[in-house]
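Trainee: I should like to go through this structure with you, one question at a time. Where shall we begin?

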Amino acid sequence: MDTVIEQAQDFTDEELAELLEKNSEQQDQALFQKADAVRRMYYGDKVFIRGLIEFTNYCRNDCFYCGIRKGNGQARRYRLTEDEILRCCREGYALGFRTFVLQGGEDAFFTDERMCGIVSDIRGGFPDCAITLSVGEKPKESYAAFFRAGADRYLLRHETADDWHYRKLHPSGMSLENRKRCLYDLKEIGFQVGSGFMVGSPYQTTGHIIKDLRFLQELAPDMIGIGPYISHAQTPFREFENGTLTLTLRLIAVLRLMFPYALIPATTALGSIDPEGREKGLKAGANVVMPNLSPEGVRKWYDLYENKISTGEEAAQCRALLEKRVEEAGYRVVTERGDVRRRL
Ligand code: SAH
C-alpha cells in the first residue's frame with residue numbers, strides 16, 4: 001500500500017472542528033508536536049527557501065480583500081522589466097536560491113508571449129532552478145505554454161471551497177468553478193501545484209475551513225499555502241478583523257498531519273501578524289519560507305494587506321539572519337530545489 005496514504009491522518013469533521021476551535025494549550029502543544037514529528041519523518045529538519053519576485057501589482061481583478069485590487073485608485077502601480085526580473089534571479093542565485101517564484105496581479109501587459117519569453121530566459125540562465133508562477137486564472141492553453149517554456153510549479157490558492165463564501169469574497173464574474181478548473185488544468189499539464197486559502201477571511205466559518213480541507217484532499221496539491229487574512233484600508237473589507245495567529249498555527253499543523261508530504265510555507269502574512277510568526281509556523285509543521293527578492297524600491301507597493309513585512313529575515317538579502325532564526329527554531333535552511341516528496 002502507498003506509504004502516503006498510510007501516513008496521512010484522516011480526521012472526521014467533528015475532530016477537525018474540535019482541533020480548530022477548542023482553546024486548550026495542552027491540545028495545541030500535542031497537535032504541534034505531532035505535526036513536527038510527521039514533518040521530520042518526511043523532510044527532516046530541512047527548510048526550503050524560495051525567492052519571491054513580485055513583478056507586477058497591476059491587476060484586472062477586484063477581489064474584496066486584496067490591496068492591489070483594480071478598484072484601489074490609491075495603489076502605486078509598478079511592473080518590472082524582464083531585465084529587472086532576471087537581475088533578481090541572478091542576485092537570488094548568488095544568495096543560494098534554487099527556486100524563483102514570479103508572483104503578480106493579473107496584468108494584461110504580461111501576455112502569454114511575454115511570460116513565456118521570461119520563463120524560457122530564466123530556464124536557460126538557471127537550468128538547475130525551479131520556476132514557480134503565480135499569476136492567477138488563465139486558459140488551459142496559456143498554462144500549457146508556460147509549462148513548455150520551462151515553468152515547473154504554479155501557485156493558485158482556491159481562497160475558499162464554499163460557493164457562497166467565494167461570492168462574498170469576490171465580485172460577480174469570478175467563480176469558484178473557474179478557480180477549480182484552473183487548478184485541475186494545471187495538475188493535468190504536469191505542474192507541481194500549490195493551493196490554499198486565507199485564515200479568518202471575512203464571513204469564514206469553521207464549516208468553510210473544513211470544506212477547504214476536504215477540497216484539498218480531493219485536489220492533493222504538492223504545496224499548500226495558508227496565512228491569516230489581514231485587512232487593508234483601501235478595500236471594502238477594511239472594517240473586518242484580521243485572522244489570528246492561533247488558528248493559522250492550528251491549521252498548519254492539521255495540514256501537516258493530513259498532507260504529510262506537502263510543502264507548506266510559513267507565509268509572509270504569518271510573519272506580518274507576529275514578529276515570530278514564521279518560526280512558530282515552522283514549529284507547527286511548515287517547511288518552506290519565501291523571502292522577498294523583489295527590487296527594494298518596489299517592495300512596499302506590493303501591498304496586498306497592511307504592514308506587510310519586507311525587511312529583516314523577510315528580505316532575501318538577509319539570508320544569514322534567516323538562517324540564524326531558522327536554526328534557533330530547531331531547523332536548517334537548505335539550498336536544494338526542494339521538490340515535493342510524495343513517498344517516504
Ligand atoms: N494574482 C495571483 C496572486 C495573488 S496574491 C493569484 O490570483 O493567485 C497571493 C495571495 O495573497 C492570494 O491568493 C491571497 O490568498 C493572499 N492575499 C490577498 N489579499 C490578502 C489579504 N488582505 N490578507 C492576507 N492575504 C491576502
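Mentor: Let us begin with a definition: a residue is buried under 20% relative accessible area, exposed over 50%, and partly exposed in between. Please keep in mind that this is a predicted model.

Trainee: Does K283 count as buried, partly exposed or exposed?

Mentor: K283 belongs to helix α12, residues 277-283. Leaving out residues up to four places away in sequence, K283 touches F32, D36, A329 and Y331. Its relative accessibility is 43%, and because the range between 20% and 50% is the intermediate class, K283 counts as partly exposed.

Trainee: What distance separates the C-alpha atoms of K283 and R343?

Mentor: Along the chain, K283 and R343 are 60 residues apart. In space, the separation of their C-alpha atoms is 22 Å.

Trainee: How many disulfides does a search of the whole structure find?

Mentor: A disulfide is a covalent bond between the sulfur atoms of two cysteines. The cut-off for the sulfur pair is 2.5 Å. For the whole structure, the number of disulfides found is zero.

Trainee: Which cysteine has the sulfur nearest to that of C59, and which has the one nearest to that of C116?

Mentor: C59 is in no disulfide, and its nearest cysteine sulfur, 6.3 Å away, is that of C63. C116 is likewise in no disulfide; this residue is buried, with a relative accessible area of 16%. At 16 Å, the cysteine sulfur nearest to C116 is that of C89.

Trainee: Which residues touch the most other members of the largest nonpolar core?

Mentor: In soluble globular proteins, nonpolar side chains tend to be buried together. Here the largest nonpolar core has 110 residues, and those touching the most other members are F100, L102, I122 and F146. Helix α10, residues 245-258, gives the most to this core, with 10 residues. For one of the four, F146, the contacts beyond four places in sequence include M115, C116, V119, Y154 and F191.

Trainee: At what angle do the axes of α6 and α8 cross, and what is the handedness of the crossing?

Mentor: Two packed helices are described by the angle between their axes and the distance between the axes. The axes of α6, residues 140-149, and α8 come within 10 Å. K140, Y143, A144 and F147 of α6 meet R181, C182, D185, L186, E188 and I189 of α8. The angle is roughly 35 degrees, and the crossing is right-handed.

Trainee: Which side chain does a polar contact join to that of D185?

Mentor: D185 lies in α8, residues 176-189, and is buried, with a relative accessible area of 11%. Beyond four places in sequence, D185 touches K140 and Y143. The polar contact, at 2.8 Å, is with the side chain of R181.

Trainee: Is N72 buried or exposed?

Mentor: N72 sits in the loop between β2 (51-56) and α4 (82-94). Its contacts, neighbours within four places in sequence aside, are G67, R77, H232 and Q234. With a relative accessible area of 3%, N72 is buried.

Trainee: What are the phi values of Y203 and A220?

Mentor: Most residues other than glycine have a negative phi. Y203 is in the loop between β6 (192-199) and α9 (206-219), and A220 is in the loop between α9 and β7 (223-228). Y203 is partly exposed at 34%, and A220 is partly exposed at 21%. Neither is a glycine, yet phi is positive in both: about 70 degrees for Y203 and near 50 degrees for A220.

How values were computed:
Residues numbered from 1 in each chain as written. Predicted model: local features only at pLDDT ≥ 70, side-chain atom pairs only at ≥ 80, totals over all residues. Heavy atoms only, no water. Buried < 20%, exposed > 50% of the residue type's maximum accessible area, 1.4 Å probe, protein only. Helix = DSSP H or I, 4+ residues; strand = E, 2+ residues; numbered from the N terminus. Polar contact = N/O pair within 3.5 Å; in protein donor to acceptor, adjacent residues only side chain to side chain. Contact = heavy atoms within 4.5 Å. Core = buried A, V, L, I, M, F, W, Y, C linked by side-chain atoms within 4.5 Å. Axes fitted to C-alpha atoms, helices over the stretch in contact; angles between N-to-C directions. Left-handed = near helix turned anticlockwise from the far one by under 90°.
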